[in-house]
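Below is a short set of questions and answers on helix packing and backbone geometry. The model is a predicted one.

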Amino acid sequence: MNLETIAPYWHQLNHNYLSQELARIQTRLYEKIGSTEEPTPGGENFDLEEAALLELIPSFALEEICDRFSLTPFEKDILLLCAGMELDRGWGLLCGQAQGSDITNYPTFSLALSSLDYVHWDAIMPESALRHWRLIELKDNSNILTTKELVIDEQILHYLLGHRHLDQRLTGLLELVTDTPSLVPSHRKIVDKLVKLWLQPVEVPIIYLYGKDISSKRAIATTIIKELQLNLYTISAEILPTDTSQLYLLKCLLEREWILNQSAFFLDCDYWENSDRSKDILVALLLDNLQCPLIISSQERRRERHKSLIAVEVKKPTTQEQRLLWSESLSKIIPDSNGQIDTLVSYFNLNSPAIESVCLQVKSVENNGDNSNSIKEQLWQMCRTQARPHLEQLAQRIESGVSWADLILPESELNILRELATHVRHKEQVYHHWGFAQKNARGLGISALFAGASGTGKTLAAEVLGNELQLDVYRIDLSSVVSKYIGETEKNLKKIFDAAEGCGAILLFDEADALFGKRSEVKDSHDRYANMEVSYLLQRIESYQGLAILTTNLKDDLDRAFLRRIRFIVQFPFPDFNQRSAIWQRIFPASTPTQDLSCEKLAKLNVAGGNIRNIAINAAFLAASEQDSVKMKHILQAAQSEYSKLEKPLTDNEVKGWV
């Protein structure tokens, strides 16, 4: 019988071999008690040639364990002694007889030392292979080391029987990666480079992938491990134990998993805030001492301690790679989609999985029979939705249905806003197709300052731009971003800009005065760091690929050097009589019932657009409570309430002739 014929019967042959080895140990126990009884090996017999059997033996589970953990013959027999206890119900009685005690009816070091061959005390030491790798465990049922009960580890027992599985203690901590991702050329180069490094005959390296593109890092790690024909498990840094003894156990189990099942590990630090100093030290300790294939992923590059890492920055697919990904996926769905692809790439910096996800959704839309224009519109909305999650937790997304008709401003200010929209809409053509980005890569960010009193329409203008450009608007409250602790403000700003990159969003920094006042004379370290915060924000605004809008009520308080670096400055004046009249004409939705309202009389109220909106909403509630249409009397009552809130008197001239 040749080896190819034997392969299907490996489990049975492995069982036979294990049974024969257990019978050998059982024979030694019988000799110990002076019995002449002969054990009968179990299992089906196969008529094998001796050469074939000798060639097959190294592949049996018992011999693999001995080879991989470098067990001595004595340590191998101790392992068999413990395995017999689990597999044969009569083994306990035999152990008790061999030790001359009905109570000590289990394997012990004392029994092994007195019954087995090639004995050596090193096998009992804590650093021995049996104990270091936890192939056996010592139960605390005796104060004497040599009489403690020896128990084989459950995973090792299953392995001896030919069943390979993840250690139960790692279940819940590790997740098996089974996907087969596709890679863009720039990521493929990273894989080829790291695979070559890994195959060099040196210590197994730790690979460190850092960058914001989490999906691409995982795809690179998965491809590397697949090409090395290993199993890949992910483990999150957030759930790593903080107890030293538990961390040491985890280290041992991970290394044992690598030795037994050729497993590699992906340590996900992307969502872990390493502000906990004690845990940070423990994680670093684990990395310094772990001796198995490991790939680490984090958004920021971590400081190396003692063990050297192979650090590689992973960026999102290049603009050209994104174009190719879109083209391959959309060419069969949307004919002549090149123009659409250029627009998508200029606004959304998506990775491969995100583009694939969007295209799958578009394909389902196409199958529903929608026309080409409808598909293009839904494609744009899908990209917006796909890009949102990174920013949702850091800023407030503003949704509204306002348009240019709702924005009442002088014509000069409206023209500036329209010019701003033009810059955003055609930035790809000017920067990249016409070469301005190649000539000077600095200052390509589009920024605007909206200055004016509260309620004059600054936020409304941002909403109009968002709807005009079909982009999300995110409001950032700078009072929650600015921190009194040195360096924290920059960290908060960095999180926001990093999350916003690639989603094409309009960032609306409200109340810019909180951070962008006139830079002070440096008198102490706090002044110096405050100026650094301003400089940092200016740098990020200039490099941000989308539109950043800052609002202020006090333009004169802003640093002139700061104003020079803002591309557009729009002044929102207090509305005059005609503008207030126009606001009142548009303030009530078409479905709101109104009766005998005079916009000319209402325009005499000397308040800004924001206050007019508050008055209109309050008047609508008053009318609804009376089951009536909105009338001048309701607006009068609402105006009185709004003026009281503003702590200003409502004059007779403003409300003369209302009711």
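Q: Which residues in H4 are met by Trp 10, Asn 14, Tyr 17 and Glu 21 in H2?
A: In this predicted model, the axes of helix H2 (residues 10-33) and H4 come within 8 Å. By class, the residues of the contact of H2 with H4 are four nonpolar, one polar and two charged. On the H4 side, the residues that Trp 10, Asn 14, Tyr 17 and Glu 21 meet are Ala 61, Leu 62 and Glu 63.

Q: Is H2 roughly parallel or roughly perpendicular to H4?
A: The axes of H2 and H4 cross at roughly 70 degrees. Angles of 65 to 115 degrees count as roughly perpendicular. H2 is therefore, relative to H4, roughly perpendicular.

Q: How are H4 and H5 oriented to each other, roughly antiparallel or oblique?
A: Helix H4 (residues 61-68) and helix H5 (residues 73-87) pack with their axes 11 Å apart, at an angle of about 135 degrees. Roughly antiparallel would need an angle over 145 degrees. The two helices, H4 and H5, are therefore oblique.

Q: Which residues in H5 do Leu 62, Glu 63, Ile 65 and Cys 66 in H4 meet?
A: The crossing of H4 and H5 is right-handed. Leu 62, Glu 63, Ile 65 and Cys 66 supply the H4 side, and the H5 residues they meet are Lys 76, Leu 79 and Leu 80. The contact of H4 with H5 has five nonpolar residues and no polar ones, and its charged residues number two. The H5 residues asked for are thus Lys 76, Leu 79 and Leu 80.

Q: With which side chain does the side chain of Lys 76 make a polar contact?
A: Lys 76 lies in helix H5 and is buried, with a relative accessible area of 15%. Leaving aside neighbours within four places in sequence, Lys 76 is in contact with residues including Tyr 17, Arg 24 and Leu 71. The polar contact, at 3.4 Å, is with the side chain of Glu 21.

Q: Is Arg 134 buried or partly exposed?
A: Arg 134 sits in the loop between helix H8 (129-132) and strand E1 (136-138). Its phi is near 55 degrees, a positive value in a residue other than glycine. Buried means under 20% relative accessible area. At 22%, Arg 134 is therefore partly exposed.

Q: What is the relative accessible area of Gln 627?
A: Gln 627 is in the loop between helix H29 (609-625) and helix H30 (632-646). Although not a glycine, Gln 627 has a positive phi of about 55 degrees. Most residues other than glycine have a negative phi. Gln 627 is exposed, and its relative accessible area is 74%.

Terms used: Residues are numbered from 1 along each chain as its sequence is written. This is a predicted model: local features need pLDDT of at least 70, side-chain atom pairs count only at pLDDT 80 or more; totals for chains, interfaces and linings use all residues. Side-chain values use heavy atoms; hydrogens and water are left out. Axes are lines fitted to C-alpha atoms, for helices over the stretch in contact, and angles run from 0 to 180 degrees between N-to-C directions. Helices (H or I, at least four residues) and strands (E, at least two) are DSSP runs, numbered from the N terminus. Angles under 35 degrees count as roughly parallel, over 145 as roughly antiparallel, 65 to 115 as roughly perpendicular and the rest as oblique. A crossing is left-handed if the near helix is turned anticlockwise from the far one by less than a right angle, and right-handed if clockwise. Contact means heavy atoms within 4.5 Å. Ala, Val, Leu, Ile, Met, Phe, Trp, Tyr, Cys and Pro count as nonpolar, Asp, Glu, Lys and Arg as charged, and the others, Gly among them, as polar. Buried means under 20% relative accessible area, exposed over 50%, partly exposed in between (1.4 Å probe, protein chains only). A polar contact is a pair of N or O atoms within 3.5 Å; within protein, one must be able to donate a hydrogen and the other to accept it, and residues adjacent in sequence count only if both atoms are side-chain atoms.
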